[in-house]
Amino acid sequence: MKGTAKFVRAQLLYSWLLFCSLQGCWCTVTVTVTPTVEVMKGETATLPCSFTVSTPTSNSIVEWFIEEIGTRTRVAFTTQSGGEGAADDGTKLSGRVSIGKDFSLSISPVQVEDDRRFHCQVTAGAAGVGEGATQLKVYSEPEKPELTGLPEAVAITDKETEMGHCVTKGGHPEPRLVWYKDSNPLSEAENQMYLHASVVREVTGLYTVSSTLNLRPRKEDKKAVFYCRVEYSLPEGVAKHKDSDTFSLPLLYPTEHVTFAVVSSGPVKEGDSVEIRCEADGNPKPDYDFTFKKEGAADVKKEAPQGVLTLPSVTRDDAGLYRCEALDFDSSPDVELTKELTLLVHYLDPVMVSPSGPLTASLGESVELTCATQASEQLTLQWKKGSSVVSEAGALELKAVSFADAGEYSCVATVPSVPGLQAQANVTVNVAGKPEIDAPSNGEVQKEGDTVTLSCSAQGYPSPKFTWTPPGEESVTVQGNKLVSTVSLEATASVLKNGVTCNATNEHGSDSKHLQVVISEEISKEVAPNDRTDKQEGDSSSVVIAVVVSLLLLLLLAVLLYVLWRMGKLPCGKKEKKGEEATNGAAVEMKSDKANEEAGLLNKPPTTEQ
Ligand SMILES: *[C@@H]1O[C@H](CO)[C@@H](O)[C@H](O)[C@H]1NC(C)=O
Ligand SMILES: *[C@@H]1O[C@H](CO)[C@@H](O)[C@H](O)[C@H]1NC(C)=O
C-alpha cells in the first residue's frame, strides 16, 4: 500500500511538473488528497481534499469526480466561500454522498461498486486548476466455505476422483480458496491431485469462489482429515481466513486384520458386565459371526451387533471359548478372518460358618468357630470383629469367654489376585452370665426437690432388667455390648440421705450398685454423714468422700499435735495456766496466741508469754 501511495504521489508531482512547464510555474493550484482510502462495505468512507493557491482568490470551486470507463462524472461540488456543497443527481452515488466544508467527500453506506478512483478538482480563478486522485478500496468478508458433493464411498483406484466441492460467497476483493489435508495445504505440484477452480463476480460486485478437489484415492488417506479454507484481506493489511467443516474420505477397502478382545480393566469376576469386541479394519465394516463353546458342549451362536457381544452380569457358566468370524468376502485369502479367545470368569462361593447362627456361651467357656469357601483362585480367610482382625485363618478360638468377647464376628474371604472378589458371613456370639454393673456415677442437684438424672450400665446375657429404688422415669439404651439404664427422679430428703439403688437382674443372677445424690454447693458438708453410711453398706464408690475424710483426719492430727506442743511448751512458761486448759482451750488459744504460733513455726526463739 505504501508503494501505491508513493506511486500516486510521484504521479501527482509529475502532473504538477508538467503543468509548471506549460504554464511557466508562476500561477499554481496544489491539491492534497489521501492516495488510498480503505473501508468495509456498508460503512462510511471519508475522502479528504485540501489545496493551496499561489494567487489568492475568493471563489475557488472544489469538485469531486468518479472515473467510469474512460469518462469522468461529477458526483459533488462546493465553493470555497459559501460552503454550499451539493451532490449531483443521477450518479451512482446519488443519495449516499455529501461534501463537507473542508471539501472532503463522504460516502455512506459504501457499496462494492464504489471501489474506484475519485478525483478532487480545484478551480481557482486566475491561478488555474489543480487536482488529486484517491483510490477507494472496499472490503467485504467472505462467508465460511461450504462443502458439497462429498462422495458416500470411494473405491481405491488409480484415477483421480472428485472428493468434494467448496464454495465461498460474498468476498471482496477476490479471496483465495486452499484445500488442506491434516493441516497442510494441498498443492497440485506435490500431490496426485488437481483442482477445478472458478470465480464468479456477482451483480452485487462480490466474488463467489469455488474449487473442486480431485484426488487419487489411497488407503493411507483413510484417516486423513480434509477441509477447505478461504483466505482474504481486510483494511490495514490484515490477513484472515475461514475454514469449512472437515471431512474424511469414505474409502472402500477390504479387511486386512481382525482384532478380538475382552474389554476389561482387570480379571473378570462373577457379576461383572463384560464386553467382547470383534473388529475388522476393512471399510465398510463386515458382518460378524459369534459363537461360544463350553468344554464338552456344542457351539452356541451369539448375537453380537456391530461385532460387540455384551454379557451384562457374567457367571462361571459364561467362561469358555469364544470365536468371531469377520464375513468380508473381498479380503485376500491369506487374511485370517476368524479369531478365538478364552474368557475366564473368576468366582468365590458364599462363606459357610460353623457353627452357624447366633450362639451362646457361658462366661468362662471356650468357643471355636470355623469358616470355609471355594474360589477359582487361591483365597485367604480372616476373622474380624468390628474393624479389628482376630484371626488370620479359617479357625477362630475364643478361650474362656468374657462379656468383652460377645458380639458379631465376620469371616471375610478374599481372592488377592482378583481385585474386588470378596465374600463374608457373620455370626453373633452371646456370652451368658449374671449382670455386671460398671462403676456408676453419683448425681448432683442444686437443692432438695430438684430432679436428678442417674445412669447405670450393665453387661450380661440375656439382657438384664433394671430396677431402680426408689423408682423414677426410666429408659434403656444399648451402647456396644452394654445396656444403659437412665432414671430421672426427685431428689427428696430421703434420696439425699439414703441414695439410690440400681439393680440389674437376669436369669443368671443380679448385681446392684448404690448411687449418691448430693447438693452441689454444700458438697463438703453433705459428704461427712453420708460417708459413714457408705462404709456401713460397703460401697466402694465416691473417691471424693475418701479424699475429704483424709483431709479431716489430717486436720484432727494437726490439732492434736498443736495441743501436745502447747502442753510440752508450758513448763518453760507460766504453770498456773496448765489447770485452765479446758477441752475447748485449744480453739481459744489458737486465736489468742496466733503470733506466738507463727513465731514458733518460723523457728524464732519463743517469747515469754504474758
Ligand atoms: C455382616 O456384617 C457386616 C457389618 O459388620 C455387614 O456389612 C454385612 O452386610 C453382614 N453380612 C451378612 C452376610 O450379613
Ligand atoms: C435385685 O433385685 C432382685 C429382684 O427384685 C432381687 O432378687 C435381688 O436380690 C436384687 N439384687 C441385689 C444385689 O440386691
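## A tour of two ligand sites and one buried asparagine

Start at ligand 2: by class, the residues in its shell are four polar ones, with no nonpolar and no charged residues. Before you zoom in, keep in mind that this is a predicted model.

**Stop 1: ligand 2.** Select Asn503, Thr505, Ser510 and Ser512, the residues that surround this ligand. Which side chains should you look at here? Begin with Asn503, where a polar side-chain atom sits 2.2 Å from an oxygen atom of ligand 2. Then turn to Ser510: an N or O atom of its side chain is 3.0 Å from a nitrogen atom of the ligand. Now colour strands β42 (500-506) and β43 (509-515), the elements that each supply two or more residues to this shell. If you display surfaces, ligand 2 on its own exposes 350 Å², and the protein buries 38% of that.

**Stop 2: ligand 1.** Next, select Glu408, Gln424 and Asn426, which surround ligand 1. Centre on Asn426, because a side-chain N or O atom of this residue within 3.5 Å of the ligand counts as a polar contact; the distance to an oxygen atom of ligand 1 is 2.3 Å. Taken alone, ligand 1 exposes 360 Å², of which the protein buries 34%.

**Stop 3: Asn430.** Now move to strand β36 (residues 422-437) and pick out Asn430. Is Asn430 buried or exposed? Its relative accessibility is 14%, so Asn430 counts as buried, the cut-off being under 20%. Show the side chain of Tyr461 as well, since a polar contact of 3.3 Å joins it to the side chain of Asn430. To see the wider surroundings, add Pro358, Leu359, Thr360 and Ala361: together with Tyr461, they are the residues that Asn430 touches, leaving aside those up to four places away in sequence.

**Stop 4: colour by confidence.** Finally, switch the colouring to pLDDT. The protein chain averages 84, and 84% of the residues score at least 70. For the two ends of the range among the elements, select strand β2 (residues 36-40), with the highest mean pLDDT at 97, and helix α5 (residues 585-592), with the lowest at 38. Then select residues 1-14, where pLDDT stays under 50 and the model has 11 contacts beyond four places in sequence. Residues 570-610 are also below 50, and this stretch has 24 contacts in the model beyond near neighbours in sequence. Where pLDDT is low, the predicted coordinates should not be read in detail.

Methods. Residues numbered from 1 in each chain as written. Chains lettered and ligands numbered in written order. Predicted model: local features only at pLDDT ≥ 70, side-chain atom pairs only at ≥ 80, totals over all residues. Heavy atoms only, no water. Near = heavy atom within 4 Å. Polar contact = N/O pair within 3.5 Å; in protein donor to acceptor, adjacent residues only side chain to side chain. Areas by Shrake-Rupley, 256 points an atom, 1.4 Å probe, with all protein chains shown as cover. Helix = DSSP H or I, 4+ residues; strand = E, 2+ residues; numbered from the N terminus. Nonpolar A, V, L, I, M, F, W, Y, C, P; charged D, E, K, R; others polar. Buried < 20%, exposed > 50% of the residue type's maximum accessible area, 1.4 Å probe, protein only. Contact = heavy atoms within 4.5 Å. pLDDT = per-residue confidence, 0-100.
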